[in-house]
Amino acid sequence: MTEPTAVTARVGQRGRLVLPAQAQRAARITEGDLVAVRTTDGAITIEPLWAVRDQLRTTFAPLLAGHLPAGPALMLTGGHPLPDHDENSDQPPAELRPLPGDTRGVRVLAGGEQRVVVTARAVLAWIAAGPDSRVSHWLDRAILPEAAVADLVTVLARAGAHERADHLLAELTLLGVRQPRPAEHRAALATDTAHALDLTTRAAAAAIELTMPDALCAAAAHRLALPLLAADLLPTETP
């Protein structure tokens, strides 16, 4: 453990603050790093975002033991165009098919995509898997729809950790996860719900038990023309 470091620094014009090299080394902050700046009772703390991510996983992984996804997160089509797809009823709906390309979806999304829609279980998969998960790669460009927020809070409640929900959601926002307010997509709610119901029916025909929260996330991804990052949504393939 690094020894506590106390140094002084002067605040310049427009609130500019240069962190002394000693403090940067102690906090393992390097040039270009994003940092979280918090204020509490007149005090200011600065910590690198990688430390916020690590602390979040360390805090919530034990609390959610037994409630985390069994499999990794997968990048699905959502509303991203899928070339030459067919609508065979034995296949998952086009919105729920894995995107072709490399394991992180980078090759497919290289044409300017900047955001993805994530499900609650994708966030939980990140908590379980850590920095090497697909979600970690996209976390700062993720959109967490209202249905996913409610699903995430439900999982916390089942784990007896509902009082930590506000903290988890606030930290995810700090890490760049966008959580649209209900008023932002109220006009699209009816359309998304109808699409989600249709998705659950088509998924059932392909032997996929699609939950309504995941279906609503897929519908939102379709509406926004973005890929969907989900976990434990498709059946595990057996050899």
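Trainee: Which residue is the bridge partner of leucine 76 in strand 6?

Mentor: The bridge partner of leucine 76 is leucine 228, in strand 6. Keep in mind that this is a predicted model, in which local features need pLDDT of at least 70 and side-chain atom pairs count only at pLDDT 80 or more, whereas totals for chains, interfaces and linings use all residues. Residues are numbered from 1 along each chain as its sequence is written, and side-chain values use heavy atoms, with hydrogens and water left out.

Trainee: How do you know that strand 3 and strand 6 pair, and in which sense do they run?

Mentor: Two strands pair if DSSP finds at least two bridges between them. Strand 3 is joined to strand 6 (residues 228-231) by 4 bridges, so the requirement of at least two is met, and the two strands run antiparallel.

Trainee: What makes strand 3 and strand 5 the edge strands?

Mentor: The open sheet has 4 strands in the order 3-6-4-5, with mixed pairing. Strand 3 (73-76) and strand 5 (142-143) each pair on one side only, and they are the edge strands.

Trainee: Which helices lie against these strands, and at what angles?

Mentor: Helix 3 (residues 120-129) lies across strand 3, strand 4 (116-118) and strand 6, and runs at about 65° to strand 6. Helix 8 (residues 212-224) packs on the sheet, where it touches strand 4, strand 5 and strand 6, and its direction makes about 170° with that of strand 4. These angles run from 0 to 180 degrees between N-to-C directions, the axes being lines fitted to C-alpha atoms, for helices over the stretch in contact.

Trainee: Why is helix 3 described as largely enclosed by the rest of the structure?

Mentor: Helix 3 is described in this way because 7 of its 10 residues are buried, where buried means under 20% relative accessible area, exposed over 50% and partly exposed in between (1.4 Å probe, protein chains only). The buried residues of helix 3 are Ala120, Ala122, Val123, Leu124, Ala125, Trp126 and Ile127. Helix 3 is followed by glycine 130, which has a positive phi near 85°.

Trainee: Why does glutamate 171 count as buried, and where is it found?

Mentor: Its relative accessibility is 8%, which is under 20%, and therefore glutamate 171 counts as buried. Glutamate 171 is found in helix 6 (residues 165-174). Leaving aside neighbours within four places in sequence, glutamate 171 is in contact (heavy atoms within 4.5 Å) with Arg38, Val52 and Leu56.

Trainee: What makes arginine 10 count as exposed?

Mentor: Arginine 10 has 76% relative accessibility, which is over 50%, so it counts as exposed. Arginine 10 lies in the segment before helix 1, and, with neighbours within four places in sequence left aside, it is in contact with Arg16 and Leu17. Arginine 10 and proline 20 are 10 residues apart in sequence, and their C-alpha atoms are 9.9 Å apart in space.

Trainee: How do you know that strand 1 and strand 2 pair, and what do they form?

Mentor: There are 6 bridges between strand 1 (residues 35-40) and strand 2, in the antiparallel sense, so they satisfy the rule for pairing. The two strands form a hairpin with 2 residues between them. Valine 35 stands opposite proline 48 in strand 2, and valine 37 stands opposite isoleucine 46 in strand 2.

Trainee: Which residues that are not glycine have a positive phi, and are they buried, partly exposed or exposed?

Mentor: Most residues other than glycine have a negative phi. Aspartate 41, although not a glycine, has a positive phi of about 50°; it lies in the loop between strand 1 and strand 2, and its relative accessible area of 80% makes it exposed. Alanine 225, also not a glycine, has a positive phi of about 60° and is found in the loop between helix 8 and strand 6. At 39% relative accessibility, alanine 225 falls in between the two limits, so it counts as partly exposed.

Trainee: How many helices and strands does the protein chain have, and what makes a run count as one?

Mentor: The protein chain has 8 helices and 6 strands, where helices (H or I, at least four residues) and strands (E, at least two) are DSSP runs, numbered from the N terminus. From the N terminus on, the elements run α-β-β-α-β-β-α-α-β-α-α-α-α-β. Of the 239 residues of the chain, 38% count as buried. Among contacts with a separation of 6 or more, 68% are between residues 24 or more positions apart.
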